Amino acid sequence: MNSIKSQITKAPLDYSSLPFGYQKTDMNIRYVWRDGSWDKGTESTEEHLPLHIAATALHYGQAVFEGLKVYETPDGRAQTFRIEENAKRLQHSAEMLSMVAPPTELFVEAVHRAVRANRRFIPPHGTGAALYVRPLLIGTGANIGVAPSSEFTFIVMVTPVGPYFKQGFSPTKLVIEDELERAAPHGVGTAKAGGNYAAGMRATVKARQNGFGEALYLDTTKQYIDELGAANFFGITEDKRYITPNSPSVLRSITNMSLRTLAADMGYTVEHRQVHVDELHTFVETGACGTAAVITPVESITWKGEEIIYLRDGKPGPHCTALYQRLVDIQNGVVPDPYGWTQEVSLGQKL
Ligand SMILES: Cc1ncc(COP(=O)(O)O)c(C=O)c1O
């Protein structure tokens, strides 16, 4: 295998203690859709956008995005994980908000281009960090009447990140949010739309003020579990069932999709269905899953003042640990990927 690891001088960062936050890199890539087609895209060193004050993204929330990671393998290659699923989900999000999304080939090309342009920021294998890729699609045409934009801008930026939760793979406490709902059943809960996150900030702030890591949302009937503000939810039973909500108002997590496949192959019975809140008592472990944190084991869930405790010693349980390890080993190229989920990014010439 051809390694170019030794040819790339990494940006001088403390990769082992990176936060999950924005860090300036060398370049972002910007494409514009106008008059029915996408342009060829430009590379920009600029961190700001020249934006029309009447852009639909600003006034009417035409803003959707994606989040994926690029991992360095032990031999110095860089790989994406299920990138086509992110492209498809951006297309779904765009459709929900009457926007025009880049076709899958353009999405993949844009991500590879952005990674290549910032290859010196790909965190070294073994540091626990990764290069986070944030594709963003916004309506940049000017409208004062409420109507879809006539112009869209697709930007891919990247930033090296450490684990989402400061403690890394360590348990967090959840609280069930029983006033606010994250999304309506036939609304835009399945879209990765900026507005969903703005609407959820109140619940997250409230949860943190009360000493919890995050809020867990129920559906509008207050009977079934939906998801967290930025992650899906799953529970594991003693008899090895992996149970995760199938709701019309949650984001279809690519991590959860992958865990369902891995769990099935590891001997779990996978149930993707409505999950009643009373079932929380039947789980031996529960977890939150998403690209940022992979799996965050849940220490306890509090609902109406009652705390259901899953982990008593503050350590992740054996089920979450096994699933987490299997997934990160594939993502980081430590074990072969029998599913065809990873894709190498060609890093090009010596810098
Ligand atoms: C609301 C929400 N649910 C679930 C997820 C997990 O999705 P994925 O596994 O594709 O990252 C995310 C984002 O990461 C999210 O923002």
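Is Leu51 buried, partly exposed or exposed? In this predicted model, Leu51 is partly exposed, with a relative accessible area of 31%. The residue sits in the loop between β3 (42-44) and α1 (56-59). Leu51 belongs to a nonpolar surface patch, together with Leu49 and Leu58. The accessible area of the three leucines together is about 240 Å².

Strand β13 (residues 241-245) pairs with two strands, β12 and β14. Of the 5 residues in β13, 4 are buried, so the strand is mostly covered. The pairing with strand β12 (residues 232-237) is antiparallel and runs over 2 bridges. Gly235 has Ile243 of β13 as its bridge partner. The two strands, β12 and β13, form a hairpin with 3 residues between them. Within that turn, Lys240 has a positive phi of about 60°.

The pairing of β13 with strand β14 (residues 269-273) is parallel and runs over 5 bridges. Here Pro245 has Arg273 of β14 as its bridge partner. Helix α5 (residues 254-265) joins this arrangement: β13, α5 and β14 make a β-α-β unit. The unit is right-handed. In a regular strand, side chains alternate between the two faces of the sheet.

Salt bridges also involve this region. Asp239 and Arg241 meet through their side chains, at 3.2 Å from N to O. Asp239 counts as exposed, at 52% relative accessibility. Arg241 is partly exposed, with a relative accessible area of 26%. Both residues belong to a network of salt bridges that also links Glu271, Arg273 and Glu279. Arg273 thus has two roles here: bridge partner of Pro245 and member of the salt-bridge network.

The structure holds 19 salt bridges in total. Side chains of opposite charge can pair when their charged atoms come close. One of the salt bridges joins Glu151 and Arg34, with an N to O distance of 3.0 Å. Glu151 lies in strand β8 (residues 151-161) and Arg34 in strand β1 (residues 28-34), so the pair ties together parts that are 117 residues apart in sequence. The two partners fall into separate accessibility classes. Glu151 is buried, at a relative accessible area of 18%, whereas Arg34 is partly exposed, at 45%.

A further salt bridge joins Glu66 and Arg89. Their closest N and O atoms are 2.8 Å apart. Glu66 is in the loop between β4 (63-65) and β5 (68-72), and Arg89 is in helix α2 (residues 83-96), so this pair ties together parts 23 residues apart in sequence. Glu66 and Arg89 are both buried.

How many disulfides are there? The count comes to 0. Cys289 is in no disulfide, and the nearest cysteine sulfur, that of Cys320, is 9.4 Å away. A disulfide requires sulfur atoms within 2.5 Å, so this pair does not qualify. For Cys320, likewise in no disulfide, the nearest cysteine sulfur is that of Cys289. Cys289 counts as buried, at 1% relative accessibility. Cys320 is also buried, at 1%.

A long-range contact was examined at Ala292. This residue is found in the loop between β15 (283-290) and β16 (294-303). Ala292 is buried, with a relative accessible area of 15%. The C-alpha atoms of Ala292 and Lys69 are separated by 8.2 Å. Along the chain, the two residues are 223 residues apart.

Positive phi values occur at further lysines. Lys222, a residue other than glycine, has a phi near 65°. Its place is the loop between β10 (214-218) and β11 (225-228). Lys222 is partly exposed, at a relative accessible area of 27%. Lys304 is not a glycine either, yet its phi is positive, at about 50°. This lysine lies in the loop between β16 and β17 (306-309). Lys304 is exposed, with a relative accessible area of 64%.

Terms used. Residues are numbered from 1 along each chain as its sequence is written. This is a predicted model: local features need pLDDT of at least 70, side-chain atom pairs count only at pLDDT 80 or more; totals for chains, interfaces and linings use all residues. Side-chain values use heavy atoms; hydrogens and water are left out. Buried means under 20% relative accessible area, exposed over 50%, partly exposed in between (1.4 Å probe, protein chains only). Two strands pair if DSSP finds at least two bridges between them. A crossover is right-handed if, with the strands pointing away from the viewer, the path from the first strand over the helix to the second runs clockwise. Patches are made of residues with over 30% relative accessible area and no salt bridge: like charges are joined within 9 Å, nonpolar side chains (Val, Leu, Ile, Met, Phe, Trp, Tyr) within 5 Å. Accessible areas come from the Shrake-Rupley method with a 1.4 Å probe; for residues, only the protein chains shown count as cover. A salt bridge is a side-chain nitrogen of Lys or Arg within 4 Å of a carboxyl oxygen of Asp or Glu.
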